[in-house]
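Welcome, and thanks for opening the viewer. Let's walk through this model one selection at a time.

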Amino acid sequence: MRSIDPHEKLLDQIAAEARATAHLTERARFSPQVMAAMRAVSRDAFVPPEARSLAYDDRPLAIGCGQTISQPFIVALMTDLLDLQPGDRVLEVGTGSGYQTAVLAQLAADVCSIEVVPALAQRAATVLADQGCGSVALRVGDGGKGWPERAPFDAIIVTAAAPVVPPALVEQLAPGGRLVIPVGAASGDQVLRLITRGSDGAVQERDVLSVAFVPLVPGRPPEKDRDGA
Ligand code: SAH
């Protein structure tokens, strides 16, 4: 009998959506590791109390400061496109609620995340620590500049839309690395782009799916590290 647990139902919906979009994404099934990470992380811990009853709906939700926690299917898709290996170093731009950060932390040893809004970064740090993800490195600042002191990264994920791909992020991608980023205007068409750097350093890109993200905003220079890096 099919489970009626909302978290399990959401995982079923993600799997169905993956099949329905496979002609665009070339991923009919997400990896068992990604699905296990989506199962392991409790999304309700990352949404504001008043939205808890909606935490396992497959849609973005407001998290304050005009920002949103991303749609779970998109979190799963972007994570799957990163093809993470356990020893990878990953950079996330746009910590937001910390939900995507926690999913990444299930899959990769070394997760770094940058958030431009200090209040969101602070709240995410608390929730991530509560959820057993205290080892992720968090920084307040403009993630469009990447995190040069920690580069290169095996994978980079940007969870806000940029009008053009920030060159610093491509530069900070290791050979064999993967960058997933929504590209487009704040209010217009956006596309999820996968950029890969070959082992010879050559960069290739592929547009995967139409998406709708909050815009990447120019921020202040990085100023505050939680782990002193
Ligand atoms: N991954 C988050 C998505 C949050 S929405 C989650 O699932 O909760 C996108 C986030 O990107 C917002 O929190 C926004 O403040 C942040 N952001 C926007 N521009 C940024 C920038 N230049 N550098 C870092 N973070 C940025």
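Strands here are DSSP runs of E with at least two residues, and they are numbered from the N terminus. With that in hand, select R139: it lies in strand β5, residues 137-140. Keep in mind throughout that this is a predicted model.

**Stop 1: R139**

Is R139 buried or exposed? R139 has a relative accessibility of 6%, so it counts as buried, the cut-off for that label being under 20%. Now add E149 to your selection and show both side chains. The side chain of R139 makes a polar contact with that of E149, at 3.5 Å.

**Stop 2: the whole chain**

Zoom out and colour by secondary structure. You should find 7 helices and 10 strands in the protein chain. The radius of gyration is 16 Å, close to the 17 Å that the globule rule gives for 229 residues, so the chain is as compact as a globular protein of that length. If you draw a box along the principal axes, the C-alpha atoms fill roughly 50 × 40 × 35 Å.

Next, switch on a surface. About 10400 Å² of the protein chain is exposed, and carbon and sulfur atoms supply 53% of that area. Of the 229 residues, 52% count as buried. Among contacts with a separation of 6 or more, 55% are between residues 24 or more positions apart.

For a look at charge, select the charged side chains: there are 21 positive and 27 negative ones. The centres of these two sets lie 2 Å apart.

**Stop 3: α4 and the loop after it**

Select residues 72-81, which form α4. How many residues of α4 are buried? The count is 10 of 10, so this helix is mostly covered. Click along it and you will meet P72, F73 and I74 among the buried residues, as well as M78, T79 and D80. Just after α4, stop at D83, which takes a positive phi of about 45 degrees.

Carry on to D88, in the loop between α4 and β3 (89-93). D88 has a relative accessible area of 9%, so it is buried. Which side chain does the side chain of D88 meet in a polar contact? Show R178: the two side chains make a polar contact at 3.2 Å. To see the rest of the surroundings, leave aside neighbours within four places in sequence and select D83, A108, A109, D110, D154 and R178, with which D88 is in contact. The D83 you have just visited is thus one of the residues in contact with D88.

**Stop 4: S42**

Move to the loop between α3 (32-40) and β1 (61-64), where S42 is found. Its relative accessible area is 27%, so S42 is partly exposed. Leaving aside neighbours within four places in sequence, the contacts of S42 are H7, Y56 and Q131. Then try a distance label from S42 to D58, 16 residues apart along the chain: their C-alpha atoms are separated by 14 Å.

**Stop 5: D189**

Finish at D189, in the loop between β7 (173-184) and β8 (190-197). Is D189 buried or exposed? At 72% relative accessibility, D189 counts as exposed. Not counting residues up to four places away in sequence, D189 touches V183 and G184. For a last label, pick S210: its C-alpha atom is separated from that of D189 by 7.3 Å, with the two residues 21 apart along the chain.

How values were computed. Residues numbered from 1 in each chain as written. Predicted model: local features only at pLDDT ≥ 70, side-chain atom pairs only at ≥ 80, totals over all residues. Heavy atoms only, no water. Helix = DSSP H or I, 4+ residues; strand = E, 2+ residues; numbered from the N terminus. Rg over C-alpha atoms; globule rule 2.2 N^0.38 Å. Buried < 20%, exposed > 50% of the residue type's maximum accessible area, 1.4 Å probe, protein only. Contact = heavy atoms within 4.5 Å. Areas by Shrake-Rupley, 256 points an atom, 1.4 Å probe, with all protein chains shown as cover. Lys, Arg positive; Asp, Glu negative; His and termini not counted. Charge placed at Lys NZ, Arg CZ, Asp CG, Glu CD. Polar contact = N/O pair within 3.5 Å; in protein donor to acceptor, adjacent residues only side chain to side chain.
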